[in-house]
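Open your viewer and get ready to make a few selections. At each stop you will hear what to pick and what to look for once it is highlighted.

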Amino acid sequence: MSKYLAKIGLEMHCEISETNTKVFSSARNDYSSTPNCNIRAIDMAFPGILPVVNKEAVKMALKTSMVLNCSQPEFMYFERKNYYYPDLPKGYQLTQETKPIPVGIYGEVKYECNGEEKTLRVNNLHLEEDAASSNHLYDTTSIDYNRAGVPLLELVTEPDLHSADEAVAFLEHMRMIYQYLDISEADTKKGQVRCDVNVSIMDPELDENDPNNWGTKVEIKNVNSFGGVRDAINFEIKRQTKAKENGTYDTDVIQETRRWDEETMSTIHMRSKVDAVDYKYFVEPNIPKYKISKEWIEEIRKEIPMLAYDRKKKYMNEYGLSEYDSDILVKEKANSDYFEKVVALGTDPKSAANWVNGMILSYLNYNEISIKDFYMSPEMLKELIDLIDSKTISSKQGKDVFYKVIEDKKTPKKVVEDEGMMQITDENAIMNIIDEVIEENPKQVDQYDPQNPKLLDYFVGQIMKKTKGKANPSSARSMMKEKLDSLK
Amino acid sequence: MKYMNKSIEELHELLKEGKVTSQELIEESLKLSHEVQEKCNAFVTILDDAKEVPITDNLLSGIPFGVKDNYSTKGVLSTGSSNTLKDYVPFFDATAYSKLKEAGAVMVNKTVMDEFGMGGTGTTGHTGVVKNPWNTQRMCAGSSAGSAAAVAAGVYPYATGSDTGDSIRKPAAYCGIVGYKPTYGMISRYGLFPFASSLDHLGVLTRNVKDAAIVVDNMKGIDKNDMTSWDSSNIHLADSLNGDVKGKKLCYIKEICDINNYKNPSEELKLHLENFMKTIDKCKELGIEVEEVSVDQTLLNASPAVYVVISCAEATSNMSNLTGIIFGPRADGDNWIDMVKKYRTEGFSPLIKRRFVIGSYVLQSQNQERYFRNAQRVRRLLVDKWKELFKKYDGVILPVGSGPAKHLDNDKNMLSNDTDVLEEHLQIGNYGGFPSITIPNGFIDNLPVGVNITGNCYDDANVLNIAYALESAMPYKNQIAGGEKDE
């Protein structure tokens, strides 16, 4: 597309949704559609309030820092970022700047974009509090303080991304990390992920590692969906490229902050660098500096599970699953965990993957439930697969058993027993039935031609009818054929 | 006055023996509150409906007391003496106040202060000037002006205060009473309207050292709502007062106490420093070793500027919550910016606005290194110097202010600059979070003056015990303004 090289950096804000309480407040951290129900005095900044750090949120932040291969600080500090806005009742936001060191600094992440492995450098990761949410109505604005004080992780990358595809792939990668670490649902629909994007373009012939060769950086604030990120980046690359081509780059592309406007699908000027707000950062005096012990760091490190990116590799390389199946399995950690449990019980990974990605996922999607609320345990699935493998039931019966298990809340074995679904595998029993069928259908026996055994289907159907589907179909077929052939 | 001139222990005994009821004490205290209000304008609110409580073994139970108006008190107007909160009734209690309430103490009034504690005169509260009960032409100093005036006038045995630079310890001196701020974090700051968080302390004003110990024993304790609070359950202040001070060591600072260090000293200053040296003699008579030490004059001179920079910086941020949107009298305006501007412009006194401008200036990114961070560095140097002294001495003893209470009509700037350090050295107790207590040590022109002892962090019991012994060796313990002087 463009003959210029785009350099893109992201600031990804992700709310931590999995703590019980907010980051400096004892109010519940709970996404709720009822406004202003999760509030303490601190969230509305009544006089005399003090922040109390949520250790669980710090732990989650440190965990993320480790996954991003950042360095962790020796001491934990928070700083005040001072500005007035109606969604910020205290008049300052508790956050972390780069001095003193935030929860993570200078890391590196590997992610995949269109099947290619890429590396992105992380400048820093910091823990902060979210502001309240404002709802701009026709002539008034309503404020919901439920969100005020919700823990927020801000990830700042180096400008190592070169396209909208890479940016979105990285965001998806991060979303999976947050989900896998049980830190956040990272749901953009709930406003849990919000991005600032910065974009510049440069001559691809020049060395991109030398910042002197970079173009003018434009920042786009508050892009609240991954689609928006893609569109905003593409729009901005196009705008900047056009300016280069028209020879108006120096006047049209200035160091500024723009915003993404969903309606016009364009970026719009907000403020230029000279108007930049001075946030007057200083260390929050109400939070004593907190020593992060090596023991704690190691304890946290041990809790990090295998992440999606590595699980996918394992499924493909060790289990021989297709990339397609592996991608579906790792998309949700809970599904992947379920799958791994089934495999750990001794089930063949391919059968397990077929069941999870097939019957189970479609059942979950159809009923809009999570695998965590799914009745059939990994042990039951293993039992079901074993029943089919041992030919106790046919795979078609397997599907009926699957639904019966969920419906009747019984184990697969119990369902098979209660429904009398055991297949007839006893050859004598099948032979008796074959004799009956032949007896009852002399006309069809006459018409049967071994060279053109179209009628065989009819006979097998009769057997199934008599056994109510319990005869093993392949045994029934081969025995019937043998019998008919012998009569000719 | 029958009872309110007595100490906490005396009152407790009377209550226990049934010689007086809590209701009688409350009624007397309320009556006195109205008289002192008339005379000194010490109160924002007088709680005429204060109710008696059952008498328990807690020394404070059933006894009336006053609360500075920057303590959040549930259901009771709490203004911080500011128009910006003139109608604010909190829905939660400050931890320190709720602890006193649990002890059975009965709040009878909320006391006037300099607006949000940002002043040292007691003249900037939204309800007007607080006058000194010893002489109503004089100020009480601030910011805990109403608390100091009321305790000195004998309204009750104690009132709570807060201290960011000297806001408990200076008014105590000007009003001839005891003012004690314990080590930073010993009393939770939750529910105290913040001025400068790293310097803010809670404390108490009383008429004797033991009362101060008893009250703080009841206010202190670790609080899950204040991360800077610490567990002091093994510290029992009142119980550790034994008056045994033989072999204790104090020092005073030559650069502050030597009259030759001041050009054209006023008569008052001469008397004040002479009186201070008499107190030093008293210490020696008690068996305390007292030595003169020297501290770099340049470092001492930097202290007032350090205070202005740090306190204004923190204050400007701490008070950004005052917008009139969520609480406070909301101002009219076409948009939120105009509403906030109008509320703050009309609500704050000029003095405070000046401090906000200074605070913003020193925090701006281009100024922060030169002012704010340098101030923090000098703060550290001063604290290190004091900690060095505490290795050798149990405390630093110094005169409070440059003399007795100033005239109200010329509080502006009659001080010659070279007494700045004398006026402001108590701030060092806030820089280090040191326990620090002022007790009365004499009279000049029939006005009380005070002396201060400051010790190392967590060494509160030792500091109080020295003050307790010294107080007993002087005739100013339990004195009441307008009462009989025993000189």
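The tour below starts with the two chains together and then moves from element to element. Keep in mind that this is a predicted model.

**Stop 1: where the chains meet**

Colour by chain and look at the contact between A and B. On one side there are 24 residues of chain A, and they are in contact with 33 residues of chain B. The side of chain A that touches chain B is made up of 16 nonpolar, four polar and four charged residues.

**Stop 2: the domains of chain A**

Now hide chain B and colour chain A by its domain assignment: domain 1 is 5–298, domain 2 is 306–418 and domain 3 is 427–487. Between domain 1 and domain 2 of chain A, the centres taken over C-alpha atoms are 37 Å apart. Six residues from domain 1 and four residues from domain 2 of chain A take part in the contact. To find the domain 1 side, select helix α2 (residues 164–180) of chain A, which supplies five residues, the largest share. The side of domain 1 of chain A that touches domain 2 has four nonpolar and two polar residues, with no charged residues.

**Stop 3: helix α11 of chain A**

Select residues 395–408 of chain A, which form helix α11. From its first C-alpha to its last, this 14-residue helix reaches 20 Å, close to the 20 Å expected at 1.5 Å a residue. Which residues of α11(A) are buried? Show side chains for A:Gln397, A:Gly398, A:Val401, A:Phe402 and A:Val405, and you have them. These residues lie on the same side of α11(A), because they cover an arc of only 155° around the axis. The spacing fits a general rule: an α-helix has 3.6 residues a turn, so residues three or four places apart point the same way.

Turn to the other side of α11(A) and you will find A:Lys396, A:Tyr403 and A:Glu407, which are exposed. Then add α9 (349–367), α10 (378–389) and α12 (412–418) of chain A to the view; they are included in what covers the buried residues of α11(A). Just after the helix, pause at A:Lys409, where phi is positive at about 50°.

**Stop 4: A:Gln423**

Go on to A:Gln423, in the loop between α12 and α13 (427–440) of chain A. Is A:Gln423 buried or exposed? A:Gln423 counts as buried because it has 21 C-beta neighbours inside 10 Å, and the cut-off for buried is 20 or more. Leaving aside residues up to four places away in sequence, A:Gln423 touches A:Lys391, A:Thr392, A:Ile393, A:Ser394, A:Lys470, A:Ala471 and A:Asn472. If you draw a C-alpha to C-alpha distance from A:Gln423 to A:Val405, it comes to 18 Å, with 18 residues separating them in sequence.

**Stop 5: a three-stranded sheet in chain A**

Next, show the strands β4, β3 and β14 of chain A, which form an open antiparallel sheet in that order. The edges are β4 (92–95) and β14 (282–283) of chain A, each pairing on one side only. Select β3 (residues 79–82) of chain A and follow its two bridges to β14(A); A:Arg80 has A:Phe282 as its bridge partner there. Towards β4(A), β3(A) has four bridges, and A:Asn82 is partnered with A:Tyr92.

**Stop 6: strand β12 of chain B**

Bring chain B back and select β12, residues 436–444. Seven of its nine residues are buried, so β12(B) is largely enclosed by the rest of the structure. Strand β7 (residues 178–181) of chain B runs antiparallel to β12(B) and is joined to it by three bridges, with B:Tyr180 partnered with B:Ile437. Eight bridges pair β12(B) with β13 (residues 447–454) of chain B, again in the antiparallel sense; among the partners are B:Ile444 and B:Leu447. The two strands β12(B) and β13(B) form a hairpin with two residues between them, and B:Asp445 in the turn has a positive phi of about 55°.

**Stop 7: backbone details**

Most residues other than glycine have a negative phi, and most peptide bonds are trans. For a cis peptide bond, zoom in on B:Gly142 and B:Ser143, where omega is about 10°. B:Ser143 sits in the loop between β5 (135–139) and α4 (145–152) of chain B.

Finish at B:Tyr458, which has a positive phi of about 70°. This residue is in the loop between β13 and α15 (460–472) of chain B, and B:Tyr458 counts as partly exposed, with 18 C-beta neighbours inside 10 Å.

Technical notes: Residues are numbered from 1 along each chain as its sequence is written. Chains are lettered from A and ligands numbered from 1 in the order in which they are written. This is a predicted model: local features need pLDDT of at least 70, side-chain atom pairs count only at pLDDT 80 or more; totals for chains, interfaces and linings use all residues. A residue is buried if 20 or more other C-beta atoms lie within 10 Å of its own, exposed if 12 or fewer, and partly exposed in between; C-beta atoms are placed from the backbone. Two strands pair if DSSP finds at least two bridges between them. Two residues are in contact if their C-beta atoms, placed from the backbone, lie within 7 Å. Ala, Val, Leu, Ile, Met, Phe, Trp, Tyr, Cys and Pro count as nonpolar, Asp, Glu, Lys and Arg as charged, and the others, Gly among them, as polar. Domain bounds come from an automatic or database domain assignment. The expected span of a helix is 1.5 Å times one less than its number of residues. The arc is that of the directions from the helix axis to the C-beta atoms.
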